[in-house]
Amino acid sequence: MVRLRPHHLLCLLTFVGEGYTPEFVANFDAIVRRIGAGEAIELIDGRDDVCAPLDATGDDHCASASVSRRDRAALLALAESGLALDARPLRLERERVAALRDAFAAGTIRAACRGCSWADLCTSVAAGGYRGSPLGAAPQGTTGV
Ligand code: SF4
């Protein structure tokens, strides 16, 4: 089970191997592949499995109020999207990833991205058809909960 804060549901759509530190990138890459292979997601408040490598360095970025605001904005936009993300446990099947990516590219679920330093990269990844993303790179159903 991957523990994920809500705005990271967006970030995993556009992850192409960029991030704050090599450890952060390696960890996020592994998480994205696990989710892409069918592992369940538990949505949580605050620091999650993606944050862990930054937390380990003492960086308190993930505990900031602005990051919590991103989570609230993401939850609201996703709830309003009609993409039925309320399943528990939540899994991102290919169809759900495709629907999320369409909505992300259309800008309808990107309120959480406002002011994010990675926004231009994520816009460019979406515009490029999410090429280079490890999400969906492995067959689904290859990992358990
Ligand atoms: S712009 Fe920022 S919050 Fe939005 S998906 Fe990219 S990294 Fe995540």
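**A tour that starts at Y130**

Select Y130 first: with a relative accessibility of 10%, this residue counts as buried, because the cut-off for buried is under 20%. Bear in mind as you go that this is a predicted model. You will find Y130 in the segment that follows α6. Check its backbone too: phi is near 65 degrees, a positive value in a residue that is not glycine.

Next, go to the loop between α4 and α5 and pick out P89. The peptide bond joining R88 and P89 is cis, with omega at about 0 degrees.

Now for the interior. Show L12, I35, L92 and F104, the residues with the most contacts inside the largest nonpolar core, which has 37 residues. Colour β1 (2-4), α1 (8-14), α2 (22-36), α4 (65-81), α5 (94-106) and α6 (119-127), since each supplies at least two residues of this core. Which element gives the largest share? That is α2, with six residues.

Stay with L12 and display its surroundings. Beyond its neighbours within four places in sequence, L12 is in contact with L4, F28, V32, I35, L92 and L135.

Finish at the ligand, which takes up the space of the largest pocket. Select the residues around it: H7, L10, C11, F104, R110, C113, C116, W118, A119 and C122. Two elements, α1 and α6, give two or more residues to this shell. How do the shell residues divide into nonpolar, polar and charged? Eight are nonpolar, one is polar and one is charged. Look once more at F104: it belongs to the shell around the ligand and is also among the residues with the most contacts inside the largest nonpolar core.

How values were computed
Residues numbered from 1 in each chain as written. Predicted model: local features only at pLDDT ≥ 70, side-chain atom pairs only at ≥ 80, totals over all residues. Heavy atoms only, no water. Core = buried A, V, L, I, M, F, W, Y, C linked by side-chain atoms within 4.5 Å. Buried < 20%, exposed > 50% of the residue type's maximum accessible area, 1.4 Å probe, protein only. Helix = DSSP H or I, 4+ residues; strand = E, 2+ residues; numbered from the N terminus. Contact = heavy atoms within 4.5 Å. Near = heavy atom within 4 Å. 1 Å grid on protein atoms, 1.4 Å probe; cavity = no way out; pocket = protein on both sides within 12 Å on 5 of 7 lines; lining within 4 Å. Sits in = over half its atoms within 2 Å of the grid points. Nonpolar A, V, L, I, M, F, W, Y, C, P; charged D, E, K, R; others polar.
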